[in-house]
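Colleague: Got a minute to go through this one with me? I'd like to ask about single residues and then about packing.

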Amino acid sequence: MILSLTRKLYMPFLISSKSVRAINLSTDERYRGLSERLKRRNLDSLPISKCLRILSKPDGSKVVLIGTIHINKKSCELVSKVINIAQPDAVMVELCSERSKILNEDSSSNSLYSAIGDSLINRKIPIPTPFELAMKMFREYLKRLGDYGGEFKTANREARKISGCEIVLGDQLQSVTIKNLIAAFQKDMENFAKHSDRFLSAFAGSQNAPSSAKSSKFQSMEDVVNGDPDEMYDLAKDATKTMKDMVPNVYGALVDDRDQVMLNCLWKLAELQTLPASKDGSWKAPSVIVGVVGLGHLDGMHRYWLKKLDLTPTKSDIYN
């Protein structure tokens, strides 16, 4: 069982055939397919991408962390390629047990952001009109786009092709995130009112394009769906920084808290999956874990990983 302490104790889950159960893998389950995974694994062949981080632990275990655009087709292709090359022992996705239906191939589940918008509006929390309008338009646009979270479906599909590889739901429970976010939203109310026009232009501007994208090739959400994730890295980084600067409490509840939850999950998974690969136990096979998270979480999780190792991130570590 994995526990992670942020604002709440939280236990990630793994998907096992038709059921969801707490992580408590037997040695036999973790050994299943190990020799084949080791034989086919080739981390040196991983693609070079701004959306990829290879995080190492002193015991030799590694986490390959992929930052995705949740509605982007090429993000799905990157996830598929990385999992096939890395032949991981486990794949962690940015989902929780309350959102696990997104993994179903025929799922049309709404995003976390749609659920957040519904909660804010249904609870009748006073919201500046421009922001409420922007939220409604953004939610409707996501529904029309369709395959939100396609990269998670891809991760699930590819992981199931690898013997002994488990899918782990590593995100904080949606209900906890929404509860924390509502409290944070109220703390940042003055900032929301102050910057409401910027929120409106960010989410409900020309064809719903982010304001920072209007001078780039990404002029519409359709461009984001079909574009190159590497070319969107700076846009995602700028959007995350803007949120942190304008509404720090909301940033903490929506991004930073979850960065820590998912990072701690990956850290613990790397420990659980390291197994003796020789009969006398003299040599252990360092584990390889793949993490699939939204691009806005990538750098924060990388920083927390380096912090656990008492290292300071440099420009060569993180694209800053």
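Colleague: Let's start with Gln87. Buried or exposed?

Modeller: Buried. This is a predicted model, and in it Gln87 has 2% relative accessibility. The cut-off for buried is under 20%, so Gln87 qualifies.

Colleague: Where is Gln87 placed?

Modeller: In a loop. Gln87 sits between α3 (73–86) and β7 (90–93).

Colleague: And what phi does Gln87 have?

Modeller: A positive one, about 45°. Gln87 is not a glycine. Most residues other than glycine have a negative phi.

Colleague: Change of topic. How many helices and strands does the protein chain have?

Modeller: The chain has 13 helices and 11 strands. It runs to 320 residues, and 53% of them count as buried.

Colleague: What about the surface of the protein chain?

Modeller: The accessible surface is about 14800 Å². Carbon and sulfur atoms account for 51% of that.

Colleague: And contacts across the sequence?

Modeller: Take contacts between residues at least 6 apart in sequence. Of these, 75% join residues at least 24 apart.

Colleague: Give me an example of two residues far apart in sequence. What about Gly294 and Glu94?

Modeller: They are 200 residues apart in sequence. Their C-alpha atoms are 7.3 Å apart in space.

Colleague: Which element holds Gly294?

Modeller: Strand β11, residues 288–294. Gly294 is buried, because its relative accessible area is 4%.

Colleague: What else is Gly294 in contact with, leaving aside its neighbours within four places in sequence?

Modeller: Gly67, Thr68 and His70, along with Glu94.

Colleague: On to helix packing. At what angle do α11 and α13 cross?

Modeller: Roughly 75°. The axes of α11 (residues 229–246) and α13 (residues 295–308) come within 8 Å. That angle makes the two helices roughly perpendicular.

Colleague: Which residues meet there?

Modeller: From α11, Pro229, Met232, Tyr233, Ala236, Lys237 and Thr240. From α13, Leu295, Gly296, Leu298 and Asp299. By class, this contact has six nonpolar, two polar and two charged residues.

Colleague: Stay on Thr240 for a second. Why does it count as buried?

Modeller: Because its relative accessibility is 18%, and the limit is under 20%. Beyond its neighbours within four places in sequence, Thr240 is in contact with Tyr251 and Gly296.

Colleague: And α7 with α12, at what angle do they pack?

Modeller: About 150°, with the axes 7 Å apart. So α7 and α12 are roughly antiparallel to each other.

Colleague: Who meets whom in that contact?

Modeller: α7 (residues 174–187) brings Thr177, Asn180, Leu181, Ala184, Phe185 and Lys187. α12 brings Asn249, Val250, Ala253, Leu254, Asp257 and Arg258. The residues of this contact divide into six nonpolar, three polar and three charged.

Colleague: Last one. How many aromatic pairs does a search of the whole structure find?

Modeller: One. Trp267 and Trp305 have ring centres 4.8 Å apart and planes at 65°, so the pair is edge-to-face.

Colleague: Which helices do Trp267 and Trp305 lie in?

Modeller: Trp267 lies in α12 (residues 248–272) and Trp305 in α13, so the pair ties together parts 38 residues apart in sequence.

Colleague: Are Trp267 and Trp305 buried or exposed?

Modeller: Trp267 and Trp305 are both buried.

Key:
Residues numbered from 1 in each chain as written. Predicted model: local features only at pLDDT ≥ 70, side-chain atom pairs only at ≥ 80, totals over all residues. Heavy atoms only, no water. Axes fitted to C-alpha atoms, helices over the stretch in contact; angles between N-to-C directions. Helix = DSSP H or I, 4+ residues; strand = E, 2+ residues; numbered from the N terminus. Parallel < 35°, antiparallel > 145°, perpendicular 65-115°, else oblique. Contact = heavy atoms within 4.5 Å. Nonpolar A, V, L, I, M, F, W, Y, C, P; charged D, E, K, R; others polar. Buried < 20%, exposed > 50% of the residue type's maximum accessible area, 1.4 Å probe, protein only. Areas by Shrake-Rupley, 256 points an atom, 1.4 Å probe, with all protein chains shown as cover. Phe/Tyr/Trp six-rings, centres within 6.5 Å; stacked < 30°, edge-to-face > 60°.
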